[in-house]
Amino acid sequence: MVVNVLAVDLGATNGKVYEVELEEKLAVREIKRFRTGGIFLPGKDRDHFLWNLPKFYEEIRDILENSDAQAVGVDTWGVDFALLDKRGRLISLPYHYRDIRTEGVMEKVFDIVSKKYIFKRTGIQFMEINTLYQLYSMVLSKDPFLKVARKILMIPDMFNFWFSGEMVSEYTIASTSQCYSVPEKRWAFDLLEKLSIPAEIFPEVVPPGTILGKCKVKREMNVIATTCHDTASAVVAVPFEEEEIYISSGTWFLVGTELEEPLLTEEVMERNFTNEGGYGKIRFLKNATGMWLLEECNRVWKKNYSEIVKMAENAPSFQAFLDPDREEFLHPGNMLERIRSYLEKTGQRVLEEIGEVSRLIFESLAFNSRWIVDQIEELTGRRYEKIHIVGGAVKNGLLMSFIADATGKIVVAGPVDATPIGNALVQFIAMGEIKDLDEAREVVRKSFELKVFEPKNPELWSEKYEEWRRYKEMEV
């Protein structure tokens, strides 16, 4: 018997709707794609960077109305949220996590609550884009939206509400907020109260795979709170056979492994690792810059992705080094100019050609992956033999080979569409079509071709890695 569901995957650049069928294997078909990038709207004091959620809703609704799928699940990026009034109305377009309103806010939070206290309560890494700092920026500015808010919903929770009428938060997306205690599996109300963030607006948290009810757009369809954080969905689809490293690749690189319990040592906090909720597991990981650098450069280049990879392949290696996670690369803007400025400040050759700059980015992403993997092994006390890479960067064989060489580990690449696949797998488990996570990963292994990249020149890359680290640690 064929069972089919819709997996809605909203990313920072594109929204995609997939139909995923399950018989003995999975069949995945993309049926719609639309732009999701943030929009700048003028305000009295400055422009604001926002998400146009009603537009995304309209795009998805059109698909639901004409679908014969049995269920639908929505996953999105983490940390961002919507505020609703007492009638369940959206108060304003939600802010984009790259909006500048959180600049300097994290340090102001530390003036009230210690970093150690926050980490012990939440288990989550420190990033200025986290929900906690977005909310506290509203407290500091006495934002009237916060005063009239009666409920806060993370972005996928908002769509679940619009589709089902249920106003709840799903566990994996709630865990990204740094307002939720992963160790205690509840909102960290004491932390919220210390920061004058209204605790009463936070909804009930439900586990991934919760069937919320019938879809208001299409009554024959169930709405399922899948693993609503896109990375949590992607990790469900990682075809692990044993404990190994994963990289969920896209705008961000999420580099981590799975644990049974959160790891809350002071060293984990100092190295800024996170313990996010997963499907029956803890996703122990570090959130690093991914293809964002290339995406921003390509706003200027306007080249086909395969062209860029080919030019990078033909460019000389190791001409310069950069740290992809530097703060100046976080926000939208002229990324090419920022990279030039960084190379000048660090006394390196300024690269101009597309192939040179893109190769610099790919090599730096590979070195940064090695840097994170080394730390995971130190912090967990385990040695991992393989790295499973899923997501969009899997199509870049050059980058896959770079990561294999930089880490000295076997790279297993695929599936590309891991996020919608994981989203659908959780729906199938909720519907009783798949038994559990182990069976779900076995279905992935049977359904998709995986490519294996073995290290070819790890000694040279290891030598160059030490040089890259000097730039990583350089203060400029």
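**Note on the predicted model: fold, core and backbone**

1. Of the 476 residues in the protein chain, 60% are buried. Buried here means under 20% relative accessible area, exposed means over 50%, and partly exposed covers what lies in between (1.4 Å probe, protein chains only). The model is predicted, so local features are given only at pLDDT of at least 70 and side-chain atom pairs only at pLDDT 80 or more, while totals for chains, interfaces and linings use all residues. Numbering runs from 1 along each chain as its sequence is written, and side-chain values use heavy atoms, with hydrogens and water left out.

2. Overall shape. The C-alpha trace spans about 60 × 55 × 45 Å along its principal axes. The radius of gyration is 22 Å, which agrees with the value near 23 Å for a compact globule of 476 residues. That radius is taken over C-alpha atoms, and the globule rule is 2.2 Å times the number of residues to the power 0.38.

3. Secondary structure and contact range. The chain holds 18 helices and 21 strands. Both are DSSP runs numbered from the N terminus: helices are H or I with at least four residues, strands are E with at least two. Contact means heavy atoms within 4.5 Å. Of the contacts between residues at least 6 apart in sequence, 71% join residues at least 24 apart.

4. Surface and charge. About 19,000 Å² is exposed, and carbon and sulfur atoms supply 46% of it. Accessible areas come from the Shrake-Rupley method with a 1.4 Å probe; for residues, only the protein chains shown count as cover. There are 61 positive and 76 negative side chains, with the centres of the two sets 4 Å apart. Lys and Arg count as positive, Asp and Glu as negative; His and the chain ends are not counted. Each charge is placed at NZ of Lys, CZ of Arg, CG of Asp or CD of Glu.

5. Core. The largest nonpolar core contains 165 residues. Such a core is a set of buried Ala, Val, Leu, Ile, Met, Phe, Trp, Tyr and Cys residues joined through side-chain atoms within 4.5 Å. Phe-253, Ile-339, Phe-362 and Ile-403 have the most contacts inside this core. Helix α14 (residues 354-380) is the top contributor, giving 13 residues.

6. Phe-362 and Ser-358. Beyond four places in sequence, Phe-362 contacts Met-291, Leu-294, Val-309, Ala-312, Asn-396, Leu-398, Leu-399 and Phe-402. Ser-358 sits in α14. Its relative accessibility is 0%, so Ser-358 is buried. With residues up to four places away set aside, Ser-358 touches Leu-294, Trp-301, Ile-308 and Ala-312.

7. Helix α4 (residues 131-140). This helix is largely enclosed by the rest of the structure, because 8 of its 10 residues are buried. They are Thr-131, Leu-132, Tyr-133, Gln-134, Leu-135, Tyr-136, Ser-137 and Met-138. Their packing partners are β7 (81-84), α2 (105-110), α3 (115-122), α5 (144-148), β8 (151-154) and α8 (189-194). Lys-142, just after α4, has a positive phi of about 50°.

8. Phe-161. This residue belongs to helix α6 (residues 155-164). Phe-161 is buried at a relative accessible area of 13%. Apart from neighbours within four places in sequence, Phe-161 contacts Leu-84, Gly-88, Leu-153, Glu-166 and Met-167.

9. Phe-240. Its place is the loop between α9 (230-236) and β15 (245-249). With 8% relative accessibility, Phe-240 counts as buried. His-388 is 148 residues away in sequence, yet the C-alpha atoms of Phe-240 and His-388 are 7.7 Å apart. Not counting residues up to four places away, Phe-240 touches Ile-245, Tyr-246, Glu-258, His-388, Arg-441 and Arg-445.

10. Backbone points to check. Most residues other than glycine have a negative phi, and most peptide bonds are trans. Gln-178 is not a glycine but has a positive phi of about 65°. Gln-178 lies in the loop between α7 (171-174) and β10 (180-181) and is buried, with a relative accessible area of 0%. Phe-318 also has a positive phi, near 55°. That residue is in the loop between α12 (305-314) and α13 (335-345). Phe-318 is buried, at 13%.

11. Cis peptide. Gly-414 and Pro-415 are joined by a cis bond, with omega about 0°. Pro-415 is in the loop between β20 (410-413) and α16 (418-430).
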